[in-house]
Amino acid sequence: MTPLKLQLGGFACFRDDTVVNFEDLSLFAIEGPTGSGKSTLLDALTYALYGQTARLGSKNLLGTLISPGAEQLYVRFEFKNERGTFRATRVSERRANGKLSNNVRVEQLAADAKWRQLPETEKIKEAEAEIVQLVGLDYEGFTRAVMLPQGAFDEFLRGDAKKRRDLLSGLLSLDRVR
């Protein structure tokens, strides 16, 4: 998976529409002073793909990601793989009763340069399963191998041998060889 673009709004400290373009980069690092939103960008990318973040975990706390005073957040992440160019979009809205509504959409860029929703992703569980297939990693594998949240590199190095083996097998596609 190669990241292309991250768009977000109403997401934590990124209240206004924000775009991060990765298209012309082969290697990148996110740097800046403490509190400038570096970790929030990583949270947004992970949220777009998996509906959760390394810092907050499951959906129970995701209401805290909506910017103060905002009623909704959105994150749109474009990436490419060997099958084409894809876009994962998540929108969370605060309802009148205080609960959140969550929507996810997975689209592919067609030959006519228009985005089309993948037909097998109309339900949230189906969309999330398709994202795992497109990225090639589940949430745990992605956060351990790609994101490595602050302070987690040591955990990856010293983690359970079976988990490390499973993660590396998935990263290297060794399950196909078996």
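This report describes a predicted model, starting with one helix and moving on to the core, a buried arginine and some backbone angles.

## Helix α1

Helix α1 covers residues 38-50, which makes 13 residues. From its first C-alpha to its last it reaches 19 Å, close to the 18 Å expected at 1.5 Å a residue.

Of the 13 residues of α1, 11 are buried, so the helix is largely enclosed by the rest of the structure. Among the buried residues are Ser39, Thr40 and Asp43, as well as Leu41, Leu45 and Leu49. Just after the helix comes Gly51, with a positive phi of about 75°.

## The nonpolar core

The largest nonpolar core has 31 residues. Leu6, Leu8, Phe11, Leu49, Val75 and Val135 are the residues with the most contacts inside it. Two or more residues of this core come from each of β1, α1, β3 (72-81), β4, β5, α2 (124-135) and α3 (139-147). Helix α1 gives the largest share, 7 residues.

Leu49 is thus a residue of α1 that is buried and is listed among those with the most contacts in the core. Leaving aside neighbours within four places in sequence, Leu49 is in contact with Met1, Phe77, Phe79, Ala88, Arg90, Ile131, Val135 and Phe142.

## Arg90, a buried arginine

One residue on that list, Arg90, is placed in strand β4, which spans residues 84-94. Arg90 has a relative accessible area of 4%. The cut-off for buried is under 20%, so Arg90 counts as buried.

What does the side chain of Arg90 reach at 3.2 Å? It reaches the backbone oxygen of Leu49. The Arg90 side chain also makes a polar contact of 3.1 Å with the side chain of Glu128. Not counting residues up to four places away in sequence, Arg90 touches several further residues, including Tyr47, Ala48, Tyr50, Gly51, Val75, Asn103 and Ile131.

## Two alanines with positive phi

Ala12 is not a glycine, yet its phi is positive, near 50°. This alanine lies in the loop between β1 (2-9) and β2 (18-21). Its relative accessibility is 22%, so Ala12 counts as partly exposed.

Ala113 also has a positive phi, of about 65°, although it is not a glycine. Its place is the loop between β5 (100-109) and β6 (115-117). Is Ala113 buried or exposed? With 60% relative accessibility, Ala113 counts as exposed.

Methods:
Residues are numbered from 1 along each chain as its sequence is written. This is a predicted model: local features need pLDDT of at least 70, side-chain atom pairs count only at pLDDT 80 or more; totals for chains, interfaces and linings use all residues. Side-chain values use heavy atoms; hydrogens and water are left out. Helices (H or I, at least four residues) and strands (E, at least two) are DSSP runs, numbered from the N terminus. Buried means under 20% relative accessible area, exposed over 50%, partly exposed in between (1.4 Å probe, protein chains only). A polar contact is a pair of N or O atoms within 3.5 Å; within protein, one must be able to donate a hydrogen and the other to accept it, and residues adjacent in sequence count only if both atoms are side-chain atoms. Contact means heavy atoms within 4.5 Å. The expected span of a helix is 1.5 Å times one less than its number of residues. A nonpolar core is a set of buried Ala, Val, Leu, Ile, Met, Phe, Trp, Tyr and Cys residues joined through side-chain atoms within 4.5 Å.
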